Amino acid sequence: MIVNKLIIKNYRNFKEAEAELNNSLNIFIGDNGQGKTNLMESIYIASIGRTFRLNSENELINFFEDKSSVEIHITKNNYNIKIQIILEKNKKKQVFINGVKLDKTSEMIGILNNVIFTPDDMKIIKGSPVERRKFINIDISQIKPKYKYLLNKYKKITTERNMLLKNYYTKYENKDIISIWNDYLVNTGTEISLYRDEYISKLKNTAANIYSSISGNKEKLDIFYLSNIGCITDREEVKKTFYDKINKNFNNEILRGTSLYGPHKDDLIIKINGKECKYFGSQGQQRSAILALKLAEIEIIKEEAGEYPILLLDDVLSELDNKRKSYLIEHIKGIQTIITSTDELELNILTKNFNKKIFNINEGKISSILN
Ligand SMILES: Nc1ncnc2c1ncn2[C@@H]1O[C@H](COP(=O)(O)OP(=O)(O)O)[C@@H](O)[C@H]1O
Ligand SMILES: [Mg+2]
């Protein structure tokens, strides 16, 4: 999968910007605050349909405008596809694929697959379980369209079920209705857990091999799926354990007015040499772990989708030491990569054998540098 061209209008600090990309390496150089992350974000939005930052959709539109658009031309399985996103202030965003409007934004996931690596990704190791769930959710959604559908459905189910639990004693009819919502919760939650279990076992093996090679075979990375339901075996067993949990703890759920069990409470445990990386890993080990996770994501997407995703490296090289930098650069050969950096000289040395295109980003303007 290759991004050939991007055209962005009134997106963040960009007025009108265009870039034709190389199918190997694309380097965007610029000082701080010039629009490098904004550019990455615009490509990410064309892939996932939402930002990886914490802004609302209105904040993506240029401060002085009411409407913004991102247009990305890609080649996928030898087909040319045009992805367009239109953002309008206080309106629902619109997504067009080859000019045809999608009913739901989530339908675009899986068309342009991406793996993004930013300094913020350390939160996958150090942050709360929410960060790790987000990480696996985005990944599985890109390779399994059904998964995204299940997640949306599950979110609606928990919201509805929580309402019933909150008003359990005040609304008499809730006592009859709740068992139907228990079934929904268990059925959809079980499917999500099975998808996660399958994905995490692939991630575990692939990331362990990569980590071992980064550490010169000296250290071992282990990833475990901490399913909130319990051990994931076959579908019927999982359902049974799930029902047991909610039946045993039903009074507590009513007391708290919320669903206490299910995949919305899952986590991932990441260990190095048997010790939990979050608490005991050195900064270097944590960075290697995240690098291994990202490179593993790329391989799994390739295996499942048949084509490499595009790789977005937003200012991460400055975070890695020389050994890890070289490892990363060595392993992106054959994958279309977009790198942003403030340091042109260093990147040029690191990528001296690459076929590449270099651009400057300055105050929201992109210019190509001839090399
Ligand atoms: N909606 C917006 N309209 C105009 N400018 C914006 C908007 N959102 C962010 N910016 C500006 O974008 C700049 C930051 O861009 P960013 O891509 O994060 O920089 P960097 O090159 O350091 O990655 C800041 O100057 C910020 O004020
Ligand atoms: Mg930035």
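How many Å separate the centres of domain 1 and domain 2? Taken over C-alpha atoms, those centres are 29 Å apart. Keep in mind as you look around that this is a predicted model.

**Stop one: the domains.** Colour residues 1-113 together with 308-371 as domain 1, then give 122-306 another colour as domain 2, following the domain assignment. Now show where they meet: 20 residues of domain 1 are in contact with 19 residues of domain 2.

**Stop two: the largest nonpolar core.** Select Y199, L203, L221, I223, F242, L293 and L328, the residues with the most contacts inside this core of 74 residues. Next, highlight helix α5, residues 174-214, which supplies the largest share of the core with 14 residues. With your domain colours still on, note that domain 1 and domain 2 each contribute at least three residues to this core.

**Stop three: L293.** Centre the view on L293 and display its surroundings. Leaving aside residues up to four places away in sequence, L293 touches I124, F135, L203, A207, I223 and I270.

**Stop four: another core.** Select I43, I85, L112 and I116, which are among the 40 residues of a core lying apart from the largest one.

**Stop five: a helix pair.** Show helix α9 (residues 283-305) and helix α10 (residues 322-330), whose axes lie 11 Å apart at an angle of about 5°. Because angles under 35 degrees count as roughly parallel, α9 is roughly parallel to α10. Turn on side chains for G284, Q285, R287, S288, L291 and L295 of α9, and for R324, Y327 and L328 of α10, to see the contact. Coloured by class, this contact has 4 nonpolar, 3 polar and 2 charged residues.

Conventions: Residues are numbered from 1 along each chain as its sequence is written. Chains are lettered from A and ligands numbered from 1 in the order in which they are written. This is a predicted model: local features need pLDDT of at least 70, side-chain atom pairs count only at pLDDT 80 or more; totals for chains, interfaces and linings use all residues. Side-chain values use heavy atoms; hydrogens and water are left out. A nonpolar core is a set of buried Ala, Val, Leu, Ile, Met, Phe, Trp, Tyr and Cys residues joined through side-chain atoms within 4.5 Å. Buried means under 20% relative accessible area, exposed over 50%, partly exposed in between (1.4 Å probe, protein chains only). Helices (H or I, at least four residues) and strands (E, at least two) are DSSP runs, numbered from the N terminus. Domain bounds come from an automatic or database domain assignment. Contact means heavy atoms within 4.5 Å. Axes are lines fitted to C-alpha atoms, for helices over the stretch in contact, and angles run from 0 to 180 degrees between N-to-C directions. Angles under 35 degrees count as roughly parallel, over 145 as roughly antiparallel, 65 to 115 as roughly perpendicular and the rest as oblique. Ala, Val, Leu, Ile, Met, Phe, Trp, Tyr, Cys and Pro count as nonpolar, Asp, Glu, Lys and Arg as charged, and the others, Gly among them, as polar.
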